[in-house]
Amino acid sequence: MLERVAMHQTRLRVPGLGIDAKGVVLGSKGLVLLASLERLVAFLSLYTSERSLGDLVGNLRVEVVRSKMNTREVVLSFPAQNSESLDLLAEVARLALGHTFTGSSRHFVQFRDASAPFGFDAAEVIAADADYVLYHSTFTQTYVRDRDIDLTRLLLRLRPQLDPSTARDPGPLWVLAEEGLGPAWIQYLIRSRVGARVGLAEWPPASALDEAPVRRHLFHVPELPARMLPLARTTPGLTVFRSVAPGAAVELGWRHPVNLQACPVFSGEGLVLFRGHGLDALTLARLPAMGEVESFARVSFGAGNDLQPARVLDPRELGQVTVPIRLAPSMESYRDVRGSFIAPGDLPVLRKVLYGLGPSTLRQAKIAFAREGALLVFNAAADTVPVGTFLRELRPGVFVAAGFEPVPTIAPDVLFRALGAPPESTIVLLPDRGAIGFPNGALVALQDALIEAQAWAPVDPAEIAPALDAEVPVVEFEPLGLRPMAGVSQAAEKG
Amino acid sequence: MAGLGADVMRLWSGVFSPLVLGGRLAPMRPIGPSRARHIADAGAALAASERTWVDAMRVRRARPLGRVDHVEAPDVPQWLMVAALNDLLQSTNPKLDGMLTSRSGKLLELTMGTIGAVCAPASIREVISRHATFARLLELERVDTFVSWWAGSASFRGCAAPARMLAWKGLRRVGTRTDRTGMTQMCFGSRLDDARFLEALQRLLQLTPLTDLATAHREAPAFAWSRGSLGLILTHPGHTLASRALRSADPRAALAALHKDHPRVAGTPFEPAVRSVIDELAAYAGR
């Protein structure tokens, strides 16, 4: 059925096939046919052991197809970039007992091998409505698409295999501790001076009868000393995972059948923990908020018995040393931006921006209007709007223009006192306007301030009886007749 | 058995359905243990289409204690319990006793026989299903009407006074008063032995352990650990359900009831489980 393509041959029978610069038959897509899911796993394992699927994974499609004989096989289809890259895939496919084809939409011919260095062309094109028509030197077969296989779900279902060699020099680790064990492990890390970050991860309850979600402490340990590794691995309730790819980790001592580093399918924002011992993988769509374990260190204060009181001098003896406060440009990046000062000329821009703000920002933001401009204050740094001069919060009630630093660099509390403002005021320090004080009472919720009066029309609501309204059951006896106990018991009736 | 289907529907619409949904609950004629068995067998095969709304409400009763979306259909023991409830209510019917005959006591004894034929629930699903049906058992009420006139008075328990008694109100100086009587007081004022009636009610409650625990704060009949409730708390999910049931109404009163009955289980193999339930309830009730 197949004919070898000769050197400098330009005409081919199968539609969608072309000749590349080297004279090799190549379609726009490559296709690998595998006999079963096990072969697919073997193919992925072999391919990812040396190369990355990163270039292919975006357009890679894995499908289960059905032949006329109702046998189900697996097809991988992907864009064929050039004949060299398809050669590599064909070699791996041969190793996994698969076949490689090239074509465009429906008709695919066998890709070149040692017997036909320029590839193959079909002697006769089959007219069929099937999704795939595959021409091979040993068979010609049509296939109908049965279902798609999601690569991520396939990887999640694969159980890791025992591999003690992964415990040597494991690199960055994730440690999962049961809720009760977490605090003890934190203190152990602090005592051992091991840097780590910790967060509390939650999963839905294991069964319908459990009320609380499953909580576990999740530690990220960049470098765990080798002496601590045996304890971490053998303590019940602690599970150590080796970070193998962004967003994926495998339990120490176990290895995933597929090289996950070469399969960039897991999001870096979340984490998938592949557990050994036949347990299902744990998935976190988003990493929990994490902080340094040092934050949990116990703090102790000295007795303070060695204090020696200094002799206080009268300030008048020292002479005049006061200096005015100035704003100096700062090289630091913008941080703690919690507000904006909006000049009157920028207020129309603010009106337009308000339509794009999220609901939480609108609910939590506050605004105060003054003749000099408007002060917009947010609860979180992420909520700022790109209008006006960004303000950084030095302390509650004191804002300074972002990119500027008050000099001398005195403590924010001292600065607040030096400004002489009443406690219920919010002070804004601007480079070209000096200090402006807004009374806290003038700060109103942004959502109250921005909405104009809306026209509305009343409608008559229709009353709906509560669907599940339950009345009290009230017992009512009905007439019993002349022989109320008839049929119950002869003995009872006689009485 | 020609009227068996009619009896099933009468018991369903008169007692079973109002027990779950509320509204007018009209017990049918006394059933007795023998006929109750036949009715229960036939009732367990009642078409699901007849039960749709009742099943929805039963799920609603079960949801506060466990996140279930489906409750098992009423089985033969549940139908037997409903038949027993029918006879228990009828035993308080004043029309049952004639001038010279006293049938209420005998009916109560037959009811005890019906209750005795029902075994304790064998699974958590059965426990939840029974509670879904009998959760409102102690909420049953009876409206009693008292009529007085210039020459006498009469009381009508569970039925309206006849129109002739209320005629010429002004001339005969007719006065009427209605009272609502709870399930546990229905025996008062009848020829029944109060203690025996409450014992029958207690045994009926003990057949549905979750209802028994959820109403442990009741004044009468006093809560007592039974084979069903002890078996329930010995399992992990049962322990959780029992704790939720005890907390559902009046945790402090329920705790007092458990303490009162604790000496009966002290020294038995059940004591650790009972102690665990009591400790958990005490922590919840803030004691």
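**View 1. Enclosed spaces in the predicted model.** In this predicted model, the count of cavities of 30 Å³ or more comes to two. The largest cavity holds about 50 Å³ of space, and the residues that line it are Ser330(A), Glu332(A), Ser333(A), Tyr334(A), Arg335(A), Arg392(A), Gly403(A) and Phe404(A).

**View 2. An open sheet of eight strands in chain A.** Following the sheet from one edge to the other, the reader meets the eight strands of chain A in the order S20-S19-S17-S16-S13-S15-S14-S21, and the pairing among them is mixed. At the edges are strand S20, which covers residues 282-284, and strand S21, which covers residues 290-292, and each of these pairs on one side only. Neighbouring strands of the sheet are turned against each other by 25° on average, when direction is ignored. As a general point, the strands of a sheet pair through backbone hydrogen bonds, and they may do so in either a parallel or an antiparallel way.

**View 3. One pair of strands within the open sheet, and a helix that lies across it.** Strand S16 (residues 238-245) and strand S17 (residues 248-251) of chain A run antiparallel and are joined by four bridges. In this pair, Ala245(A) stands opposite Ala248(A), which belongs to S17(A). Helix H5 of chain A, made up of residues 182-191, lies across S16 and also across strand S13 (173-178), strand S14 (197-203) and strand S15 (214-221) of chain A, and the helix runs at about 15° to S15(A).

**View 4. The second largest pocket.** This pocket has a volume of about 310 Å³. Its lining is made of 18 residues, of which Leu238(A), Thr239(A), Val240(A), Glu251(A) and His277(A) are the closest to the centre of the pocket. Strands S13 and S16 of chain A, which also appear in the open sheet, each supply at least two residues of the lining.

**View 5. Strand S4 of chain A and the strands it is joined to.** Strand S4, which spans residues 29-34 of chain A, is mostly covered, since five of its six residues are buried. Six bridges join S4(A) to strand S6 (residues 72-79) of chain A, and these two strands run antiparallel; here Gly30(A) has Phe78(A) in S6(A) as its bridge partner. Strand S4(A) is also joined by five bridges to strand S7 (residues 99-103) of chain A, again in an antiparallel arrangement, and in this case Val32(A) stands opposite Thr100(A) of S7(A).

**View 6. The surroundings of Ser340(A).** Ser340(A) is found in strand S23 of chain A, which covers residues 337-342. Is Ser340(A) buried or exposed? Its relative accessible area is 0%, so Ser340(A) is buried. When residues up to four places away in sequence are not counted, Ser340(A) touches Ala374(A), Leu375(A), Leu376(A), Val385(A), Val387(A), Thr389(A), Phe390(A) and Leu391(A). With regard to Val387(A), the backbone oxygen of this residue lies 3.1 Å from a polar atom of the side chain of Ser340(A).

**View 7. Asp7(B) in a helix of chain B.** Asp7(B) has its place in helix H1 of chain B, which is formed by residues 4-21. Asp7(B) counts as buried because its relative accessible area, 9%, falls under the 20% limit. Leaving out residues up to four places away in sequence, the residues that Asp7(B) touches are Met28(B), Arg35(B) and Ile39(B).

How values were computed
Residues are numbered from 1 along each chain as its sequence is written. Chains are lettered from A and ligands numbered from 1 in the order in which they are written. This is a predicted model: local features need pLDDT of at least 70, side-chain atom pairs count only at pLDDT 80 or more; totals for chains, interfaces and linings use all residues. Side-chain values use heavy atoms; hydrogens and water are left out. Two strands pair if DSSP finds at least two bridges between them. Axes are lines fitted to C-alpha atoms, for helices over the stretch in contact, and angles run from 0 to 180 degrees between N-to-C directions. Contact means heavy atoms within 4.5 Å. Buried means under 20% relative accessible area, exposed over 50%, partly exposed in between (1.4 Å probe, protein chains only). A polar contact is a pair of N or O atoms within 3.5 Å; within protein, one must be able to donate a hydrogen and the other to accept it, and residues adjacent in sequence count only if both atoms are side-chain atoms. On a 1 Å grid over the protein atoms alone, a cavity is a set of points where a 1.4 Å probe fits but cannot get out, and a pocket is an open set with protein on both sides within 12 Å along at least five of seven lines; lining residues have an atom within 4 Å of a point. Grid points are joined across faces, edges and corners, and a volume is the space filled by probe spheres set on the points.
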